[in-house]
Amino acid sequence: VIWGLHRCEVLIIAARPGEGKTTWALQVAGHLADLKKRVLFISLEMSVHQLVERWLIQLTHTDAWTLRTGHATQPFIDKVEALDGYFKALNLRCLDDVGVTASELTSLLNEMAKTDAPPDVLFIDFIQLIEADVEGVTDMEAIKQYLRSLKRLAKRFNMAVVVCSQINREG
């Protein structure tokens with residue numbers, strides 16, 4: 001449907017709350033990391049702990065509600081233990097404390113480029129939680145500026161960018 005991810009491009013995945021944007025993004029990020037791509041996943045919505053929990057639930061095919069209510073804990077642990085070493089081989093980095101502004105994101109990518117290499121694919125989940133670099137800017141203008149920055153960064157670092165966006169339930 002999306003014709004794949006391509007370097008220097010920004011792809012926006014938009015859906016209503018609860019439709020699976022984060023789940024889809026985590027699945028794609030994990031698959032790309034399996035293919036030895038450098039992946040950076042920045043969550044503006046969830047903590048890294050929540051992301052890892054969600055990803056482990058996907059990988060182990062565990063029912064999230066059963067796990068969160070304390071049932072089926074041992075079967076889940078057994079499945080997770082079978083994944084020993086899996087995560088060490090992945091070049092996937094998840095962050096939840098940066099990227100809220102375009103300048104923070106630019107600084108992070110510059111630092112990554114100096115010490116290692118920038119990501120092949122950057123995921124941002126979700127864009128409505130970004131903040132403007134300057135005061136007095138409307139949310140819509142801040143999102144426009146952030147998206148323009150993402151496009152420049154995609155080109156500068158030769159990476160694909162995937163942005164999750166929430167569509168309002170109204171109308």
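This is a short talk on how the strands, helices and cores of one structure fit together.

Hi everyone, and thanks for coming. Before anything else, please keep in mind that what we have here is a predicted model.

Let's begin with the sheet. It is an open sheet of five strands, in the order 1-5-4-2-3, with parallel pairing. At the edges you will find strand 1, residues 10-15, and strand 3, residues 92-95, and each of these pairs on one side only. On average, neighbouring strands in this sheet are turned by 15° against each other, direction ignored.

Now let's walk across the pairings. Strand 1 and strand 5 run parallel and are joined by six bridges. Along that pairing, Ile 13 stands opposite Cys 164 of strand 5, and Ala 15 stands opposite Gln 166 of strand 5. Moving on, strand 5 covers residues 160-166, and five bridges join it to strand 4, again in parallel. Here Asp 125 faces Cys 164, while Val 121 has Ala 160 as its bridge partner. So how does the chain get from strand 4 to strand 5? It crosses through helix 6, residues 139-156, and this β-α-β crossover is right-handed. On to strand 2, residues 39-43: five bridges tie it to strand 4, and these two also run parallel. In that pairing, Val 39 has Val 121 as its partner.

Let me stay with strand 4 for a moment. Is it buried or exposed? Five of its five residues, 121-125, are buried, so strand 4 is largely enclosed by the rest of the structure. Val 121, Phe 123 and Asp 125 point one way from the strand, Leu 122 and Ile 124 point the other way, and all of them are buried. Strand 5 has a similar story to tell: six of its seven residues are buried, so the rest of the structure largely encloses strand 5 too.

If you would like one residue to click on, try Ile 124, which is found in strand 4. Its relative accessibility is 0%, so Ile 124 counts as buried. And what does Ile 124 touch, leaving out residues up to four places away in sequence? The list is Ile 42, Leu 44, Leu 105, Tyr 146, Leu 150, Val 162, Val 163 and Cys 164.

That brings us to the cores. As background, nonpolar side chains in soluble globular proteins tend to be buried together. In this model, the largest nonpolar core has 23 residues, and Ile 42, Leu 105 and Leu 122 touch the most other members. Strand 2, helix 5 (102-115), strand 4, helix 6 and strand 5 each supply at least two residues of this core. Which element gives the largest share? That is helix 6, with six residues. Take Leu 105 as an example: not counting residues up to four places away in sequence, Leu 105 touches Ile 42, Gly 99, Leu 122, Ile 124, Tyr 146, Leu 150 and Leu 153. Apart from this core lies another one, of 20 residues, and its members include Val 28, Ala 29, Ala 33 and Leu 51. To relate two of the residues I have named, Ile 124 and Ala 33 are 91 residues apart in sequence and 16 Å apart in space, C-alpha to C-alpha.

Last topic: helix packing. The axes of helix 1, residues 21-34, and helix 2 come within 10 Å and cross at roughly 75°. That angle makes helix 1 roughly perpendicular to helix 2. Their contact involves Thr 22, Thr 23, Leu 26, Gln 27 and Gly 30 from helix 1, together with Leu 51, Arg 54, Trp 55 and Gln 58 from helix 2. Helix 2, residues 48-60, also packs against helix 4, residues 73-81, at an angle of about 85°, with the axes 10 Å apart. Helix 2 and helix 4 are therefore roughly perpendicular as well. On the helix 2 side of that contact are Leu 56, Ile 57 and Thr 60, and they meet Phe 76, Lys 79 and Val 80 of helix 4.

To wrap up, here are two things to look for in the viewer. One is the five-stranded open sheet with its parallel pairing. The other is strand 4, where five of five residues are buried. Thanks for listening!

How values were computed
Residues numbered from 1 in each chain as written. Predicted model: local features only at pLDDT ≥ 70, side-chain atom pairs only at ≥ 80, totals over all residues. Heavy atoms only, no water. Buried < 20%, exposed > 50% of the residue type's maximum accessible area, 1.4 Å probe, protein only. Helix = DSSP H or I, 4+ residues; strand = E, 2+ residues; numbered from the N terminus. Pairing = 2+ DSSP bridges. Right-handed = clockwise from strand over helix to strand, strands pointing away. Core = buried A, V, L, I, M, F, W, Y, C linked by side-chain atoms within 4.5 Å. Contact = heavy atoms within 4.5 Å. Axes fitted to C-alpha atoms, helices over the stretch in contact; angles between N-to-C directions. Parallel < 35°, antiparallel > 145°, perpendicular 65-115°, else oblique.
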